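Me: I'm new to this one. Could you walk me through how to read it, feature by feature?

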Amino acid sequence: MARVKGALATRKRRKKTLKLAKGYWGSKSKHFKMAKEAVMKSGNYAYIGRKQKKRNFRRLWITRISAACRLNNTNYSSFMNGLKKAGINLNRKMLSEIAISDPKAFAELVESTKRN
């Protein structure tokens, strides 16, 4: 039976890691051992960042809606409660876009929530 050598697979794996570490400072982009640690850590940061991005956007949308509500003499919580009671199913992203791009339509939404 032929002897199997793992040099090709090892080189491929190391090249892949070093490619991911390209642009890192110092020996983190040159030495495999340090590059591997840096890539693992950056992967963790990226994973956490994808979750934080969703949180941050939701906070932004709520802040925008709240500011638009204050301009229309109501507060955020009563506005959202009124929307729910009125049966208006708009998510926060769309509400913030309406508040920015079309303040008159947002004012009409506020009036419809005050009626309920």
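Reply: Happy to. Keep in mind that this is a predicted model. Let's start with the overall build and then go down to single residues.

Me: How many helices and strands does the protein chain have?

Reply: A good habit is to list the elements before anything else. Here the protein chain has five helices and zero strands, and along the sequence that reads as α-α-α-α-α. Next, ask how spread out the chain is. The radius of gyration is 26 Å, well over the 13 Å that the globule rule gives for 116 residues, so the protein chain is more spread out than a compact globule. The box around its C-alpha atoms, taken along the principal axes, is roughly 85 × 40 × 20 Å.

Me: And what share of the 116 residues is buried?

Reply: Burial goes by relative accessible area: under 20% is buried, over 50% is exposed, and what lies in between is partly exposed. In the protein chain, 22% of the 116 residues come out as buried. Helix H1, residues 7-20, shows how little cover a helix can have here: among its 14 residues the count of buried ones is one. H1 spans 20 Å from first C-alpha to last, close to the 20 Å expected at 1.5 Å a residue.

Me: How do I read a helix that has a buried side? Which residues of H5 are buried?

Reply: Look for the residues that are hidden, then see where they sit around the axis. H5 covers residues 103-115, and its 13 residues reach 19 Å from the first C-alpha to the last, close to the expected 18 Å. Its buried residues are Phe106, Leu109, Val110, Ser112 and Thr113. Those residues cover an arc of only 160° around the axis, which puts them on the same side of H5. On the face turned away from that buried side you'll find the exposed residues Lys104, Glu108 and Arg115.

Me: What do the buried residues of H5 pack against?

Reply: Once you have a buried side, check who its neighbours are. For H5 they are helix H2 (32-71), helix H3 (76-86) and helix H4 (92-101). Now try H4, where Leu95, Ser96 and Ala99 are buried. Their arc is only 95° around the axis, which puts them on the same side of H4. The buried residues of H4 pack against H2, H3 and H5.

Me: Let's do rings. How many aromatic pairs does the structure hold?

Reply: For rings, check the distance between centres and the angle between planes. The structure holds two aromatic pairs. In one, the rings of phenylalanine 57 and tryptophan 61 have centres 5.9 Å apart and planes at 35°, so the pair is tilted. Both residues lie in helix H2, four residues apart, about one turn of the helix. Phenylalanine 79 and phenylalanine 106 form a tilted pair too, with 5.0 Å from centre to centre and 45° between the planes. Phenylalanine 79 is in helix H3 and phenylalanine 106 in helix H5, so this pair ties together parts that are 27 residues apart in sequence.

Me: Are phenylalanine 79 and phenylalanine 106 buried or exposed?

Reply: Both phenylalanine 79 and phenylalanine 106 are buried. Phenylalanine 57, by contrast, is partly exposed, with a relative accessible area of 39%.

Me: Which ring does the charged end of lysine 51 sit over?

Reply: That would be the ring of tyrosine 47, with the charged end 4.3 Å from its centre. There's also arginine 14, which lies over the face of phenylalanine 32, 5.3 Å from the ring centre.

Me: Now a single residue. Which residues does arginine 64 touch?

Reply: Start with where it is, then its exposure, then its contacts. Arginine 64 lies in helix H2 and counts as partly exposed at 31% relative accessibility. Leaving out residues up to four places away in sequence, arginine 64 touches Ser96, Glu97 and Ile100.

Me: One more: where is asparagine 73 found?

Reply: Loops are worth a look for their backbone angles. Asparagine 73 is in the loop between H2 and H3, and it is exposed, with a relative accessible area of 67%. Its phi is near 60°, a positive value in a residue other than glycine.

Note on methods
Residues are numbered from 1 along each chain as its sequence is written. This is a predicted model: local features need pLDDT of at least 70, side-chain atom pairs count only at pLDDT 80 or more; totals for chains, interfaces and linings use all residues. Side-chain values use heavy atoms; hydrogens and water are left out. Helices (H or I, at least four residues) and strands (E, at least two) are DSSP runs, numbered from the N terminus. The expected span of a helix is 1.5 Å times one less than its number of residues. Buried means under 20% relative accessible area, exposed over 50%, partly exposed in between (1.4 Å probe, protein chains only). The arc is that of the directions from the helix axis to the C-beta atoms. Contact means heavy atoms within 4.5 Å. Rings of Phe, Tyr and Trp (its six-membered ring) pair if their centres lie within 6.5 Å; planes under 30 degrees apart count as stacked, over 60 as edge-to-face and the rest as tilted. A charge sits over a ring if NZ of Lys or CZ of Arg is within 6 Å of the ring centre and within 35 degrees of the ring normal. The radius of gyration is taken over C-alpha atoms; the globule rule is 2.2 Å times the number of residues to the power 0.38.
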